[in-house]
Amino acid sequence: MRSPLMRGAAALAGLTLLVTGCSSNAAPSASSPASDEKITLTVATFNEFGYDDLFAEYTKLHPNITITPKKAATSNEARENYFSKLAAGSGLSDIEAIEVDWLPDVMQTSDKLMDLTGDDVKGRWLDWKAGAATTADGKLVGFGTDIGPEGVCYRSDLFKKAGLPTDRAEVAKLLGTTWADYFNVGKQFVAKSNGVAWFDSADAIMQGQINQLPNAFSSSDTEEVLIPMDQNQPVKDMYTSILKASVDDKLSAHLQQWQPDWTSAFQKGKFATMLCPGWMLGVIEGNAKGVEGWDIANTFPGGGGNWGGSYLTVPAQGAHQQAARDLAAWLTAPDQQIKAFKAKGTFPSQVEALNSPDLLGVTNKFFNNAPTGQILADRAKAVTVNPFKGPQYFAVRQVLSDAMNRVDVTKKQTAEVSWAQAVKEFGALS
Amino acid sequence: MSWRQRFSRWDVKTAPYLYIAPFFLLFALVGLFPLLYTGWVALNKWSLITGNQGFIGLANFQYVLAQPRFWDAVTNTFSIFLLSSVPQIFLALGIAAVLNANLRAKTFWRMGVLVPYVVAPVAVSLVFGQLFADESGVFNAVLTSVGLDPIGWHSDRFWSHIAIATMVNFRWTGYNTLIFLAAMQAIPRDVTEAAVVDGANRWQTFFNVTVPMLRPTIIFVVITSTIGGLQIFDEPRLFDNFSLGGPDREWMTVTMYLYELGWNSQRNLGRSAAVAWLLFVIIVVFALINYVITRRIADSDHRPNRKALVK
Amino acid sequence: MTSVATAHQLAGRGAGRAAARRRQRMEGGTRRPGWVTYTLLAVVVLISVTPLYYAFLLSTSTAGDIARNPVPSPIPQEHFFENVARVLNSGIGFWTALGNSVIVSVATAVSVVFFSTLAGYSFAKLRFRGRNWMLAFVIGTMAVPTQLGVIPLIIVMSNLGWTGKLIAVIVPAMVTAFGVFWMTQYLSEALPYELIEAARVDGCSMIRTFWHVALPAARPAAAMLALFTFVGSWTNFFWPFIVLGSSNPTLPVALQLLQSSHFKDMSLIMAGVVLATLPLLALFAFAGRHLVSGIMQGAVKG
């Protein structure tokens, strides 16, 4: 699926890293079982995991192991590949990277994956990160790699013109704590902004809000019991309030993320804020090249939020599962993840890595020299909810997303009509 | 009977089968199993993720036929197909006729029209994305600059079909042009010259002599365009970055629908396979209709008697 | 020249003389078209070439310039070689991919042309029981939607042990229904029975008749089919991606890796597009010339 919510992320590709000198010491892994058998491990990733140098390092530590990397450009292609081969029952790599958005599907097939539980990895990740990959009966299906903790990116120049504060600490205070606060500041902004919208897309706001519900679409959090769309009051309320803010209060720029109009809107300055997972910084910098005034506030409405992130899994099809697990465990250890972060900006999900000076010292020149390392680490720790996502989660999410876009982007339907259609489409899912 | 005669008789009998055998052998290897597999999947409750959940007969077909989305997809597919294939075939025929003339720099012109076919989809979608963007697009900029209303390329069903048909025509017209051109090159000049001597002008010669002689090629192009057009997948998927066909599935085609059912929203291979089979039936029926019509039209009078010309 | 000589040899002097006469007439014959024709063609070619030129323009630019100005000025900038160097040094295995693509495209083009012509000749010109329904079957296989075939095909390939090998991409494409149908249609009109009969009367075996009569007559269509197949294999992404993966890639599989960051650097991606297209344009320039003259010579008709 190519929707933006499916694009969650591995790479903070554009995050400029000003790392001077490499101080972290590479402690050799102690956990590998003694074996001199010559084996080749294939490792399938997508986007940029930042593993190229780590593979070389690992094979130096373990001369009997050869690593063949397989890469897909985007998670969409990786996903098609993964599920086609899972369905065919053969052809998967020894280690397969998966994205958090397909995790609900992967969890259903936990019997086709190795259980990765072990004392060596206990407590390594943020609770919500490891929790999402743990089945009801306690099986760990994937080792966490990176995450996408969210802050609020904003245009300080546009804020200034509209008479709002520009300093990132003041902005964080201004934006308050709830979504209502965020919308209220938006109303003040658009009153003086001369046509500039408050945020880019209504569905992007929905993405931020829905991830804060522990049970958005299912009434149970151990197995999926779908709540009928027409009875799902919390989601209906979100839908109504976001669309009211977008359309009636004119806060939305009525764009769909990743479309050409959205991309060009960065140059034309059509909106002033954006919900901002770490990997989005590079996207903004790339699209807004030459635009000055972007900054990031250490806050997120309604509590913390995460968008995207990945895991490493070990399919049970593989011939060298134990060796594959060793490699995956080593790659996702804090020291290695910090190296991957320094290479490609993949923001770590490991508790220890979040306190690393290498991470905390990172600033981003494009975002007015904001201490993005510190901000994102804080944002990661602010996440408290681990939303339950069952097998049909993304199907329902897509129905909702389409409904939002019919009102916000194509403007072909009113909120009521579009909701009624969504209820029907939800009915067709079963 | 001599050995030679015996060989000759055996040769005549078996050679036709031997010559077509490679296709059928290869089909048995890489085509037949997938076909039967798809048929079997369609009769089962079959999840992409968890595999076969048991035989359910025709329930997948019943489900699909009851979905308004399926019928939307069929309508969209035919709409895009008609908007693209029909003008495309006439354009291709016309351009081929021009290219068939005694031009300077033949290679340049001939290969020039084939360039769209070789350009990577990522470049094509980028260009058309810039042309058809609703707010920042080139076409809407032109429209508004002359005082017209911008067109909702991604919100209006009909206009999204026009835009996609434009992409399809861009990509495939040159391809069909060269197919026609190859066939035109095989028409002996004697035939057209004879018509000219008889006092026919260029248009009459083209319609009364050239077109009827292209009959097998026209049938070929019509049938392959029908099959390709009804399976259309790449261009509508490239029309935005989400590949689903728009928030109201304004430009979702049947193949996109089967893809969405199988790989995206439901991960339901059974239903997806049912759509594949329904599409197969639609294509066969429609290709047959087209075949009959084309045969009629291309077969109508004026067909020169080739035998007579040969002798 | 070959076709005239062959026609001489096989069909007797009459046919050879007729072919020679026709050639003469064609070369000296019809009058050249006027400027209206050239203007129309120029418009068509201009539209055809625009996206490729656009890709080239972006490949001479930088990501920042493209973000600022998505519709660039029509004059190329100076960053082309720098972007090409970035593609070549990006560790995507460009040269391996290029080699693989050449192997796959050449192998499929040769094989498709040979087997399709063989089958097309049989369907178009030979009489045998079941001919019509077999041809209908061939055409019918084209109507099967391919999107679902991937999963069973993975099963087939892994049972054969071909996963990750070029043969897994070549074999499924060795003869296509499209090619068979095209050759059937073309030969049914372009190859007169008289030539075949003459060859048979001269005592040629079936395969010799095919070789000396059908193949030369099929040349323009075969050249076209070869070109289409070559280009089709060259640009095919999905199946090679699934079955080969990035460790033994073809060009499209390798080049897609240039899109792997969240922000798409179009100057880099388009440099890849241009690099992948250049060999095809070279092929056009080279084979296109042959194609045209081939078309002329191939017109063995009586």
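1. Two residues count as in contact here if their C-beta atoms, placed from the backbone, lie within 7 Å. With that in hand, take B:Val275: neighbours within four places in sequence aside, B:Val275 touches B:Val64, B:Phe70, B:Val254, B:Tyr257, B:Leu258 and B:Leu261. Keep in mind while reading on that this is a predicted model.

2. Where does B:Val275 sit in the bigger picture? B:Val275 is one of the residues with the most contacts inside the largest nonpolar core, alongside B:Ala123, C:Ala55 and C:Leu187. That core runs to 315 residues. Its top contributor is helix α8 (residues 157-185) of chain B, which puts in 14 residues.

3. Now for confidence in chain B. Mean pLDDT for chain B is 88, with 95% of the residues at 70 or more. Which elements of chain B mark the two ends of the range? Helix α2 (residues 59-65) of chain B has the highest mean, 96, and helix α15 (residues 306-310) of chain B the lowest, 37. I'd flag residues 301-311 of chain B, where pLDDT stays under 50. For that stretch the model has 11 contacts beyond four places in sequence.

4. On to how chain B is divided. The domain assignment splits chain B into domain 1 (1-42) and domain 2 (61-310). Taken over C-alpha atoms, the centres of these two domains of chain B are 32 Å apart. Four residues of domain 1 of chain B meet six residues of domain 2 of chain B. On the domain 1 side of chain B, that makes two nonpolar residues, two polar and no charged.

5. The contact between chains B and C takes 75 residues from chain B and 80 from chain C. Several helices of chain C give two or more residues to the side facing chain B, including α1 (2-28), α2 (35-59), α5 (94-125) and α15 (266-298). The largest share comes from α15(C), with 12 residues. By class, this side of chain C has 57 nonpolar, 16 polar and seven charged residues.

6. Chain A also touches chain B, through 25 residues of chain A and 25 of chain B. On the chain A side, α2 (75-88), α3 (103-108), α10 (260-268) and α17 (393-408) each supply at least two residues. Of these, α17(A) gives the most, five residues. The class split for the side of chain A that touches chain B is nine nonpolar, eight polar and eight charged.

7. Chain A has its own domain story. Its assignment gives domain 1 (4-24 + 35-148 + 307-382) and domain 2 (150-302 + 387-427). The centres of the two domains of chain A, over C-alpha atoms, lie 28 Å apart. Between them, 29 residues of domain 1 of chain A are in contact with 28 of domain 2 of chain A. For domain 1 of chain A, α3, β8 (306-313) and α16 each supply at least two residues of that side, and α16(A) has the largest share, six residues. This side of domain 1 of chain A comprises 18 nonpolar, seven polar and four charged residues.

8. Last, why is helix α11 (residues 280-287) of chain A largely enclosed by the rest of the structure? Eight of its eight residues are buried, so the surroundings largely enclose it. Among the buried residues of α11(A) are A:Met280, A:Gly282, A:Glu285 and A:Asn287. The buried residues of α11(A) pack against β4 (143-155), α10, β6 (271-277), β7 (294-297) and α16 (372-382) of chain A, together with α3 (63-68) of chain C.

Methods:
Residues numbered from 1 in each chain as written. Chains lettered and ligands numbered in written order. Predicted model: local features only at pLDDT ≥ 70, side-chain atom pairs only at ≥ 80, totals over all residues. pLDDT = per-residue confidence, 0-100. Helix = DSSP H or I, 4+ residues; strand = E, 2+ residues; numbered from the N terminus. Nonpolar A, V, L, I, M, F, W, Y, C, P; charged D, E, K, R; others polar. Buried ≥ 20, exposed ≤ 12 C-beta atoms within 10 Å, placed from the backbone. Domains from an automatic or database assignment. Core = buried A, V, L, I, M, F, W, Y, C linked by C-beta atoms within 7 Å.
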